[in-house]
Structure formats: C-alpha cells, structure tokens
Amino acid sequence: MKVEMKKISAQDGMDVYNFLCDIGEGENGFIMTPPKNEEDFKNLLNKYIKDSEKNQPSGRVPQDIFWMYVNDEIVGIIKIRPILNENLLINGGNMGYSISPKYRGKGYGKLIVKKGLEILKSKDTMEALVTVHDDNIPSRKSVESNNGVLQDINNNICRYWIRNY
C-alpha cells in the first residue's frame with residue numbers, strides 16, 4: 001500500500017474538490033464548508049494556505065493541512081497544529097482529521113492519526129492532544145490504537161494525550 005501525505009497547494013485539483021464535497025459540512029466536529037463551485041474551491045484552498053502562515057489573527061494558531069493519499073486516491077484530510085491556545089486545549093487539539101465516507105471502516109482513521117503524529121514529531125511536538133466527540137467510536141478507536149490516553153470527557157468531548165517519542 002502506497003501512502004502519501006501531501007501538503008495543501010493552490011494547484012490542488014478536482015480530486016481534492018470532489019473529496020471536500022464528499023466529506024460534507026461540519027461532520028463529527030470537523031468544521032469545513034464544502035465548496036459550491038470552482039471559485040469557492042480556489043478561495044477555500046487560499047484560506048487554508050493562509051492558515052499555515054506564522055502570523056495569525058488574535059485567537060488563532062497556524063495550522064498545516066495535508067491530504068492523505070492511499071494508492072493515489074485521496075482518502076483523508078488532516079489539520080496539524082503544533083501550537084495550542086486555550087480554546088484548542090478544550091476542543092480541537094493538535095490535529096483534526098476526517099476520512100471520506102467511502103473509505104471509512106478500513107483502518108484509514110488509525111493511519112491518518114499515525115501520519116499526523118509523524119508530522120507533529122517532525123515539528124518537535126512530543127506530546128499531542130487529540131479531541132473527539134464522545135459518540136464518534138471509530139475515531140476514538142483510531143486515537144486509542146495510536147496510544148491515546150483519555151484524560152477526560154467534558155461537554156461530550158473526549159480529550160486524549162499521545163506521547164510522541
């Protein structure tokens with residue numbers, strides 16, 4: 001199985017557009033409005049690229065976005081945030097991810113968390129916080145299978161810490 005993590009680019013094409021449309025709006029706490037057309041798509045890519053810049057507006061931290069490809073098919077998206085603010089310590093954590101509905105139940109959630117941890121480690125983040133809605137059992141299993149330790153559950157949000165050595 002060939003797995004690639006590709007950082008978002010202004011040159012991303014129709015495969016990414018179709019993927020974003022497939023995952024839908026705000027599912028399981030992953031906040032994203034799918035593009036309605038090509039112009040929306042380009043604007044969304046540019047927004048996400050701007051989100052990776054070091055200097056962010058007050059209350060925001062930089063985040064990098066990666067597409068996970070398996071055998072040249074895009075199956076997931078992950079947002080990586082090496083720096084946490086007070087809000088992200090409650091809900092959001094160091095990574096947020098989603099797997100396309102057509103690829104769920106095949107172990108890709110576990111894989112994207114693993115790949116996210118590798119990216120965070122390359123950015124010297126040695127302990128990662130991952131938050132999951134308490135009723136999202138597949139995502140909880142993905143985090144737990146990557147050595148996630150449940151710290152607590154507040155307001156239906158599970159907070160897991162993963163040591164990333």
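**View 1. Salt bridges in the model.** The model contains 9 salt bridges, counting a pair whenever a side-chain nitrogen of Lys or Arg lies within 4 Å of a carboxyl oxygen of Asp or Glu. This is a predicted model, so local features are described only at pLDDT of at least 70 and side-chain atom pairs only at pLDDT 80 or more, while totals for chains, interfaces and linings use all residues. Residues are numbered from 1 along each chain as its sequence is written, and side-chain values use heavy atoms, leaving out hydrogens and water. Start with Asp 51 and Lys 47, whose closest N and O atoms are 2.8 Å apart in their salt bridge. These two residues are 4 residues apart in helix 2 (residues 38-51), which means that about one helical turn separates them. Helices here are DSSP runs of H or I with at least four residues, strands are runs of E with at least two, and both are numbered from the N terminus. Asp 51 counts as buried, at 6% relative accessibility, while Lys 47 is partly exposed at 40%. As a guide to these words, buried means under 20% relative accessible area, exposed means over 50%, and partly exposed is in between (1.4 Å probe, protein chains only).

**View 2. A salt bridge between Lys 123 and Asp 64.** The closest N and O atoms of this pair are 3.0 Å apart. Lys 123 sits in the loop between helix 4 and strand 5, and Asp 64 belongs to strand 2, so their salt bridge ties together parts that are 59 residues apart in sequence. Are the two residues buried or partly exposed? Lys 123 is partly exposed, with a relative accessible area of 34%, whereas Asp 64 is buried at 9%. Elsewhere, salt bridges with shared partners link Lys 2, Glu 4 and Asp 72 into one network. Within that network, the closest N and O atoms of Glu 4 and Lys 2 are 3.7 Å apart.

**View 3. An open sheet of 4 strands.** Follow the strands in the order 1-2-3-4, with antiparallel pairing. Strand 1 (3-7) and strand 4 are at the edges with a single partner strand each, so each has one side without a neighbour in the sheet. From one strand to the next, the twist averages 25°. Strand 2 (residues 64-70) and strand 3 (residues 73-80) are joined by 7 bridges; for two strands to count as paired, DSSP must find at least two bridges between them. One bridge to look for matches Ile 65 with Lys 79 in strand 3.

**View 4. Helices lying across strands.** Helix 1 (residues 14-23) crosses strand 2, strand 3 and strand 4, at about 75° to strand 3. Helix 4 lies across strand 1, strand 2, strand 3 and strand 4, and runs at about 150° to strand 4. Such angles run from 0 to 180 degrees between N-to-C directions, using axes that are lines fitted to C-alpha atoms (for helices, over the stretch in contact).

**View 5. Strand 7 and its two antiparallel partners, strand 5 and strand 6.** Strand 5 (residues 127-133) pairs with strand 7 (residues 157-163) over 7 bridges. Along this pairing, His 133 faces Ile 157 and Leu 129 faces Trp 161. Strand 6 (residues 149-154) joins strand 7 through 5 bridges, with Leu 150 partnered by Tyr 160. The hairpin of strand 6 and strand 7 has 2 residues between the strands, and there Asn 155 takes a positive phi near 50°. Strand 7 is largely enclosed by the rest of the structure, because 5 of its 7 residues are buried. Strand 5 is mostly covered too, with 5 of its 7 residues buried.

**View 6. Thr 131 and its surroundings in strand 5.** Thr 131 is buried, with a relative accessible area of 15%. What is joined to its side chain by a polar contact of 3.3 Å? The partner is the side chain of Asn 91. A polar contact means a pair of N or O atoms within 3.5 Å; within protein, one must be able to donate a hydrogen and the other to accept it, and residues adjacent in sequence count only if both atoms are side-chain atoms. A side-chain polar atom of Thr 131 also lies 2.8 Å from the backbone nitrogen of Gly 92. Beyond neighbours within four places in sequence, Thr 131 has contacts (heavy atoms within 4.5 Å) with residues including Ile 90, Gly 93 and Cys 158.

**View 7. The buried and exposed sides of helix 5.** In helix 5 (residues 137-144), the buried residues are Ser 139, Arg 140, Ser 142 and Val 143. Looking down the helix axis, they fall within an arc of 155°, so they line one face; the arc is taken from the directions from the helix axis to the C-beta atoms. Pro 138 and Lys 141 are exposed on the face turned away from the buried side. The buried residues pack against strand 4 (95-99), helix 4 (108-122), strand 5, strand 6 and strand 7.
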